[in-house]
Amino acid sequence: VAGGGSKLFISIVKHARVLQALACVLLFAIPLSINANSVNLTITPYIGYRDGGDFKDAVSDTKLDIDESDVLGLIFGWEVEDGQLEISYSQQASELTGRSSASPDALVDVDVTNLLFAGKSILDPDIGSYFSILLGLTEIDFDSDELDSDTGLAFGFGGGIDYPIGDNLGFRLGLRGIVTFLDEIEDEFCISPSNCPILIEDNKLVQWEIFTGLSIRF
């Protein structure tokens, strides 16, 4: 019971940090929107496909891959004078496969969740082409009693089109790359360093995704 309670406490703390980061982003983004000449809210639900990325096992010296898989997300945007500010939330449900230090055929479910703030610059208003810079957090959560979740700082960039369809709708097609930086310790995801199935050598996760969605403007 005590062990379960400590795991629950750690989980609450980690999610509280994510919520705190979101609150900071909102406090930064909303005043900028209010001071703009035009304030329009855009909501874009989207579906995409993500190249999962990989780690390197420190013991077996082989790759551990997060399999390519679908990603679901939601983007909130505010128009400002020179473009848009955006907050996006997305989740990728995948599997970690490869050779770990404990098993020749490691296989565990993993969820990769991103919370990103973006500055979006419009390149051509007629077709809605854009370029964006991303900054936020990534949570990597394994479905294993021996592996812990972790949250790291994420940075990236993206581009695409947000083509207007009438006054309140738009078709969005985008591509973005996300790099997540992790602590430089081998037992990054281990609950117990003495019994851990994965000892990673890399301290970053590089992912690419292509996505499409329908933008709804208010």
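Glu-86 counts as buried in this predicted model, because its relative accessibility is 6% and the cut-off for burial is under 20%. The carboxylate of Glu-86 is paired with Lys-120 in a salt bridge, with 3.4 Å between the closest N and O atoms, and this pair is one of six salt bridges that the structure holds. The points below follow three of these pairs, then the network that joins some of them, and lastly a pocket.

**Lys-120 and Glu-86**

- Lys-120 also counts as buried, because its relative accessibility is 3%.
- Lys-120 belongs to strand β6, which covers residues 106-124, while Glu-86 belongs to strand β5, which covers residues 83-98, so their salt bridge ties together parts of the chain that are 34 residues apart in sequence.

**Arg-217 and Asp-162**

- A salt bridge is also formed between Arg-217 and Asp-162, whose closest N and O atoms are 3.7 Å apart.
- This pair links distant parts of the chain, since Arg-217 lies in strand β10 (residues 204-217) and Asp-162 in strand β8 (residues 150-165), 55 residues apart.
- Arg-217 and Asp-162 are both buried.

**Arg-176 and Glu-209**

- Arg-176 and Glu-209 meet through their side chains in a salt bridge, with an N to O distance of 2.7 Å.
- Arg-176 is found in strand β9 (residues 169-181) and Glu-209 in strand β10, so the pair ties together parts that are 33 residues apart in sequence.
- Arg-176 is buried, as its relative accessible area is 6%, and Glu-209 is likewise buried, with a relative accessible area of 1%.

**A network of shared partners**

- Through salt bridges that share partners, Glu-86, Lys-120, Asp-162, Arg-172 and Arg-217 are joined into one network.

**The second largest pocket**

- The second largest pocket holds about 270 Å³ of space, and 14 residues line it, of which Glu-79, Ile-122, Pro-125, Asp-162 and Arg-217 are the closest to its centre.
- Asp-162 and Arg-217 therefore appear both in the salt-bridge pair described above and among the lining residues closest to the centre of this pocket, and they are members of the network as well.
- Strands β5, β6 and β8 each contribute at least two residues to the lining of the second largest pocket.
- By residue class, the lining of this pocket consists of four nonpolar, five polar and five charged residues.

Key:
Residues are numbered from 1 along each chain as its sequence is written. This is a predicted model: local features need pLDDT of at least 70, side-chain atom pairs count only at pLDDT 80 or more; totals for chains, interfaces and linings use all residues. Side-chain values use heavy atoms; hydrogens and water are left out. A salt bridge is a side-chain nitrogen of Lys or Arg within 4 Å of a carboxyl oxygen of Asp or Glu. Helices (H or I, at least four residues) and strands (E, at least two) are DSSP runs, numbered from the N terminus. Buried means under 20% relative accessible area, exposed over 50%, partly exposed in between (1.4 Å probe, protein chains only). On a 1 Å grid over the protein atoms alone, a cavity is a set of points where a 1.4 Å probe fits but cannot get out, and a pocket is an open set with protein on both sides within 12 Å along at least five of seven lines; lining residues have an atom within 4 Å of a point. Grid points are joined across faces, edges and corners, and a volume is the space filled by probe spheres set on the points. Ala, Val, Leu, Ile, Met, Phe, Trp, Tyr, Cys and Pro count as nonpolar, Asp, Glu, Lys and Arg as charged, and the others, Gly among them, as polar.
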